[in-house]
Amino acid sequence: HNQIPIGNPIANTQLYIMDEYLQPLPVGIPGELYIGGSGVARGYLQQPELTAERFIPNPFFEGRSFSSSASPPSPASSAPLLYKTGDRAKYLPDGTIEYLGRSDNQVKIRGYRIELGEIEAVLTNHPDIKSALVMARDERLIPYVILDTPPASPASITELRQFLTNKLPSYMIPGNFVTLESFPLTPNGKIDRQALPIPDLETREAEIVEPRTKKEHILAKIWQEVLNINQIGVEDNFFELGGDSILSIQIIARARQAGLTLTPKQLFQYQTIAELAAIAQESKPIEAKQGLVTGKVPLTPIQHWFFEQDLVNYNHYNQAVLLEVTPDLNSDWLQTALQHLVLHHDALRMRFECHDAEWTQFNLEAVADIELTTVDLNELEGELLDKAIAKTANQLQTSLDITQGKLITSALFRLGNGKQDRLLLIIHHLVVDGVSWRILLEDLAIAYQQLQENHSLILPTKTTSYKHWGETLEQYVQKLDISSELNYWLSCNIVSIPLDKPTRSARNTVASSQQVSISLDVVNTDLLLTKISKTYNTNVEDILLAALLQSFYSWTNSKELLLDLENYGRGNIRTNIDLSRTVGWFTSIYPVKLKLSSIHNLEEVIKSVKEQLRSYKQQGFNYSILKYLTPESEQELPQLPSSQIAFNYLGQLKAPPTESIIKGLATESTGNTRHPLGERRYLIEINSAIADDKLQINWVYSQNYHYRSTIARLANNYLKFLTALIQHCISPKTGGSTPSDFSAAKVNQNQLDKLMGQINQKK
């Protein structure tokens, strides 16, 4: 309804829909339309500048291929030309092309570049709307609509927004709608945009349901802080607002500080504030020891994993962040704040000993002063600045000593001239992980602000100590049904990946590692975070792994993929355990065997991957516990084939509050976090996170085994498969349930599909 199909190219004409990097786009993805062929003029007569602007040599001519890093071909090329139309379009499933409007009809709102014609095209697909025009006013989107023959009960604002919500990312959803009988026209018969009525932009959106109870007020405030959204209604869905499993930890932590007890399982089961408030229990926070924790600490499974690596240098295996910070920070206050973090977070005071090849760890009462190296770089810029930061960073990366309890070091780089300075923090991986960094950076900003305002240093209440967690795991393993758990894991088989350089003498060292970095565009990232979950009741990781399975099949032609999957590892195994503000290394690593159920049917791919992942009990939490903490498993689990691939999704790296001394992540090098001669455990490591409103994916490989072109092709194919899955999930008439949604019913997918079909027929 009201689509504008262009059709197919006529004879001797080529049509291409491409992105800003001249990459061809798949079905359903909007891009700019380019025209080539005998019907295209050579250029604008005697207007070389305009010709160079509107025409490009055809990149497909004589086997040319696209590269995301390549510049557009030179206009001086003798290749046939493509005309850059300036029109937005997309391929429809039947191969025809749909016109979406002009590419110059774009606005930028809250940092997002928005195509107004795209919203207009979706609105005119609504059965009640005859015409639509969207304007941007005061950083807000205002759609003006003319109803088709006015229905008896026209769609409400809520219904119109829901209609758009199913098809567009959240930042393209207007808050107000203006209904008109006709558009005002100029004397020439064109729409007079200046004469369109201006609505009351301050009117509150009617569908936002305000908090009504004490619990709802508490949770709404917490959601606003964690999700960084100013206005949240109690009926809004956590995952559709961009929430994920790691952000849920912060929600739970702040709720407990406010006297409300929630569990991760409850947040996944009850996804709105209204539902959570109804089941949240008012109680005192779980009591944890607030003084210094000292004494022997059991090694946790991930720490056992670390010590079995047979590393070149156990001291050089770090995590590091380089931060942009407020200029002219007081270095004394900064060092005092860092020292207080080490006293407050017990894991940062560990010391490790090795006797007879057995490692143990101890919580110390105190440690030496934290080193803060201050470096003046205000005379340097560009490449010289980058090299100076990298030089100091590499020196500091080699300075830690786990046997002496020196697990953290730092440097402050002063750039001068009003520029934001750089703060480098390096912590040994044995005592920190991705969730821990979020806690530490928030506490560092709090401590510095307290010193700045001459207040006492008081950080938020401690949660369960790392020592208590290690002891709890030792108790937990006593209650596991070890034989059934072992049978569950022993079914994995090795799935090898092809090598470009299959030489036996090559070593997979840290020094040989290279990285290919790609990113998903802002629009599809927003859709991934806010829209796809309700289509098949999936999470972000389900879709990411479905695309990974497809991309590896396109490379290896194998429908099976064995990989090691990482998650945050803070399993809810005891009611008296709260790890929401505990610093330490909790990561859980477990092998996952995935099988591709279909080559072309995306619904089957998504449902199958979802069900395969749900079959792993407690997200694989028990695997490393069995492998490292039970004598019965020591002989069997280590014999499992090792995966050659590791995958890790870190969730969203949220921007810090504007009043914080921390302004964001810097782009310069943090130095070598691992010893260059150390052996890498995997051939390919895929690390992903949401940063700067985009899904960023880093593919780490060894140049001794793979060519960069091979990994780049794999990575770019991954983006195409991921984009296609996202677009499938937001398409009309897609969606459905899987057996794990009704675990108590014990049905398979075919039985469930038949049952749901019978229910739908009766409606």
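Helices here are DSSP runs of H or I with at least four residues, strands are runs of E with at least two, and both are numbered from the N terminus. With that in hand, a label such as "the loop between α16 and β22 (560-567)", where Asn 557 is found, is easy to place in the viewer. Keep in mind that this is a predicted model.

## The overall picture

The protein has 763 residues, and 50% of them are buried. Its secondary structure comes to 21 helices and 27 strands. Take the contacts between residues at least 6 apart in sequence: 72% of those join residues at least 24 apart.

As for the outside, the accessible surface adds up to about 36,300 Å², and carbon and sulfur atoms account for 49% of that.

## α16 against α17

Two packed helices are described by the angle between their axes and the distance between the axes. For helix α16 (residues 540-556) and helix α17 (residues 602-614), those values are about 115° and 9 Å. Angles from 65 to 115 degrees count as roughly perpendicular, so that is the label α16 and α17 get. Their crossing is right-handed.

Who's touching whom? On the α16 side you'll find Asp 542, Ile 543, Leu 545, Ala 546, Leu 549 and Gln 550, and they meet Leu 602, Val 605, Ile 606, Val 609, Lys 610, Leu 613 and Arg 614 of α17. Sorted by class, this contact has 9 nonpolar residues, 1 polar and 3 charged.

## α16 against α20

α16 also packs on α20, with the axes coming within 8 Å and crossing at roughly 135°. That angle makes α16 oblique to α20. This crossing is right-handed.

From α16, the contact takes in Ile 543, Leu 544, Ala 546, Ala 547, Leu 548, Gln 550, Ser 551, Phe 552, Ser 554 and Trp 555; they meet Thr 710, Leu 714, Asn 717, Tyr 718, Phe 721, Leu 722, Leu 725 and Cys 729 in α20. The class tally for α16 with α20 is 13 nonpolar, 5 polar and no charged residues.

## More on α20

Helix α14 (residues 522-530) packs on α20 too, at an angle of about 55° and with the axes 10 Å apart. The two are therefore oblique to each other, and their crossing is left-handed. Asn 524, Leu 527 and Leu 528 of α14 make the contact with Thr 723, Ile 726 and Gln 727 of α20. By class, that gives 3 nonpolar, 3 polar and no charged residues.

Leu 719 is worth clicking on while you're there: it sits in helix α20 (residues 708-729). Is Leu 719 buried or exposed? Its relative accessible area is 15%, so it counts as buried. Neighbours within four places in sequence aside, Leu 719 is in contact with Ile 518, Ser 519, Leu 520 and Ile 697. Leu 544 is 175 residues away from Leu 719 in sequence, yet their C-alpha atoms are 9.7 Å apart in space.

## Two helices with buried residues

What about helix α2 (residues 116-123)? Because 8 of its 8 residues are buried, α2 is largely enclosed by the rest of the structure. Those buried residues are Leu 116, Gly 117, Glu 118, Ile 119, Glu 120, Ala 121, Val 122 and Leu 123.

In helix α12 (residues 466-476), the buried residues are Tyr 466, Lys 467, Trp 469, Gly 470, Thr 472, Leu 473 and Tyr 476. They pack against strands β14 (295-297), β16 (350-355) and β17 (358-363), plus helices α8 (301-307) and α18 (621-629).

## Positive phi in the loops

Ala 357 lies in the loop between β16 and β17. Although not a glycine, Ala 357 has a positive phi of about 65°. Its relative accessible area is 66%, so Ala 357 is exposed.

Asn 557, in the loop between α16 and β22, has a phi near 65°, which is again positive in a residue other than glycine. With a relative accessible area of 59%, Asn 557 is exposed.

## Out at α21

Asn 750 belongs to helix α21 (residues 749-762). At 56% relative accessibility, Asn 750 counts as exposed. Between the C-alpha atoms of Asn 750 and Pro 739, 11 residues apart along the chain, the separation is 9.4 Å.

Conventions
Residues are numbered from 1 along each chain as its sequence is written. This is a predicted model: local features need pLDDT of at least 70, side-chain atom pairs count only at pLDDT 80 or more; totals for chains, interfaces and linings use all residues. Side-chain values use heavy atoms; hydrogens and water are left out. Buried means under 20% relative accessible area, exposed over 50%, partly exposed in between (1.4 Å probe, protein chains only). Axes are lines fitted to C-alpha atoms, for helices over the stretch in contact, and angles run from 0 to 180 degrees between N-to-C directions. Angles under 35 degrees count as roughly parallel, over 145 as roughly antiparallel, 65 to 115 as roughly perpendicular and the rest as oblique. A crossing is left-handed if the near helix is turned anticlockwise from the far one by less than a right angle, and right-handed if clockwise. Contact means heavy atoms within 4.5 Å. Ala, Val, Leu, Ile, Met, Phe, Trp, Tyr, Cys and Pro count as nonpolar, Asp, Glu, Lys and Arg as charged, and the others, Gly among them, as polar. Accessible areas come from the Shrake-Rupley method with a 1.4 Å probe; for residues, only the protein chains shown count as cover.
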